[in-house]
Structure formats: structure tokens, C-alpha cells
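Student: I am new to this structure. Could we go through it together, asking how each label is earned?
Tutor: Gladly! Here it is.

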Amino acid sequence: MIILKIGGNILNKPDALAAALDYFAALEGPAVLVHGGGRKASEVIAAMGMEPKMIDGRRITDAATLEIVTMVYGGLINKQVVADLQARGRNAIGLSGADGNAVLAEKRPVKTIDYGFAGDVLGADGSLLWQLLDAGLTPVMCPITHNGKGQLLNTNADTIANETAIAVARARPEEQVSLRYCFEFPGVMHDIKDPESWIPELQPSSYAAFKAAGTIVGGMIPKLDNAFAAVAAGVGEVIIGDLPALQAGKGTRIIGGS
Ligand code: ADP
């Protein structure tokens, strides 16, 4: 059972996206695809004369932004990816967190920063995903969730991938679940300018040391926090890398423990 998350820099490039979908469609056995947002939402926000609002690489989702990300992530991107998988012989079905109550979230509480309609995931429904998979369908999940009270929420796609992996692993402990994050580097890097410098394995202790040294920064930190949480919660394998790395069984492997 494989969960593949494709990042923003893959979605932005048609050739990279096509190659990732070729890889995904050819995977044997049950598989779930999770996609992020990419550049498109920011383009639509700008085209409507609004300013994309970001703090530390995270989007601030005001009411108008929520409408646009729902249209772009849940509509355009999700349906295009579903159609692209149909063209590759995978009977894909697009899901937001609201569809089938697949992923329930709550609006992020305001501490120092008000992220607006950002969703913190409470849990994904592993048995729903298995029902779809057992029926021969391939779920394609976008990063829009809901709170069960009618409020849609914009949610980090890495978190959706992570919570989905945890939920399917919990629902069927006998299944080996592999969570793969596909992005634009061969793995977590010592030096992002040196493609040979990918780190084969990360443990919590080496992760902490790399963070302290400033080797691991920015968007990689929430990604790895999610990855370690998945391993701790019983996901059998978590790998981060670019498409060639994933195809070759390489990339950075996340190891639990200390
Ligand atoms: P995605 O949309 O693919 O999930 P993110 O921006 O959330 O992208 O996370 C990936 C980013 O993390 C990379 O594009 C890179 O800029 C950044 N990053 C920070 N530190 C590292 C590192 N040590 N190795 C690889 N990428 C890193």
C-alpha cells in the first residue's frame, strides 16, 4: 500500500507532473495520491487583483483566499490529476477532506499568527480509504478539509499525506504502508546545491542536529516533523526524494527511535 505525495514544484512543471503520474499509475497494488497546491492558487489570487499573503512560507487563508484555494486545489488541480490518472488506466476518484468525511480538521487556533481558515487535521478515515481501494478505486486527495460544521479549511498537503498513511496503517495493521514524498531534490540534502549530498537515513537525533546546524530549514521542517510522526504512529516506511530517487528505491529514509 503506497501513499505518494507530490509537492508544489512537481505540480508547477507539466513534464515533472506527467513523469510522477506515470510512476504512480504504474505502481502495483493499492495506492493513494496526495497533491499540494503549487503556484496556480497564487496566480489566480494575483489575477483577481489580490495579494497572496504568506508568513514563513505558509499561506494566510482569509475568506476570499479560501474560496480560491478550494476552486483551484479541489477543482482544477484535483480534477486534472484525476483525468490524467484515468488516461493512464487508473480509476481515480478525487476527494477533499469533506468528501466521505475523509479528513476532519479544526480551524487553527490563533496564537501569535492568525492563519485564517487553515485546518489542523484531527484525523483521516482509514476504513473509507480501504473501502475505495477494495472497490478498485484510486483516491486522489487535495489539501482542502472541513470541520464537520460546514466550514472548509485549507490544510498542509504533507499533513494530509501523513494522516492518511497513519489512518490506513491503523485500519489494517497487517498491511505494510509506504509513505513517499516526491519533491525536487534527491532526498534531504546536506547541501541543496550538491545533488550527491543526499542523506540516506535520518533519525530523530540526526534530524535535531541538522536543524540546529541550519542544514534543514524552511518547508523541510514541517515535512520531516510529519514524517517522524508517521513512523512513530506505525507507518512502515517513509521516504523523501525526487522521482528518479523513488524509482531507484533511494531517497532519504526516515527512521524512528531516538
Ligand atoms: P513541497 O511542496 O514539495 O512539499 P516544501 O517547500 O514544503 O515543498 O518543502 C520542500 C523544500 O524544503 C525544498 O524545496 C527546499 O527548498 C527546502 N529544504 C530546506 N532544507 C532542505 C534540505 N536540507 N534538503 C532538501 N530541501 C530542503
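Student: How many salt bridges does a search of the whole structure find?
Tutor: The search finds 10 salt bridges in this predicted model.

Student: What makes Asp62 and Lys53 a salt bridge?
Tutor: Their closest N and O atoms are 2.7 Å apart. The cut-off is 4 Å, so the pair counts as a salt bridge.

Student: Why is Asp62 called partly exposed?
Tutor: Asp62 has a relative accessible area of 26%. Partly exposed covers values between 20% and 50%, so the label fits. Lys53, at 38%, is partly exposed too.

Student: What about Asp120 and Arg108: is each buried or partly exposed?
Tutor: Arg108 has a relative accessible area of 15%. Buried means under 20%, so Arg108 is buried. Asp120, at 25%, is partly exposed. These two form a salt bridge, with their closest N and O atoms 2.9 Å apart. The pair links distant parts of the chain, 12 residues apart: Asp120 lies in strand β7, and Arg108 in the loop between β6 and β7.

Student: Why is helix α2 called oblique to helix α4?
Tutor: The two helices pack at an angle of about 55 degrees, with their axes 10 Å apart. That angle is neither under 35 degrees nor within 65 to 115 nor over 145, so α2 is oblique to α4.

Student: Which residues meet there?
Tutor: Leu21, Phe24 and Ala25 in α2 meet Val81, Asp84 and Leu85 in α4. The residues of this contact divide into 5 nonpolar, no polar and 1 charged.

Conventions
Residues are numbered from 1 along each chain as its sequence is written. This is a predicted model: local features need pLDDT of at least 70, side-chain atom pairs count only at pLDDT 80 or more; totals for chains, interfaces and linings use all residues. Side-chain values use heavy atoms; hydrogens and water are left out. Axes are lines fitted to C-alpha atoms, for helices over the stretch in contact, and angles run from 0 to 180 degrees between N-to-C directions. Helices (H or I, at least four residues) and strands (E, at least two) are DSSP runs, numbered from the N terminus. Contact means heavy atoms within 4.5 Å. Ala, Val, Leu, Ile, Met, Phe, Trp, Tyr, Cys and Pro count as nonpolar, Asp, Glu, Lys and Arg as charged, and the others, Gly among them, as polar. A salt bridge is a side-chain nitrogen of Lys or Arg within 4 Å of a carboxyl oxygen of Asp or Glu. Buried means under 20% relative accessible area, exposed over 50%, partly exposed in between (1.4 Å probe, protein chains only).
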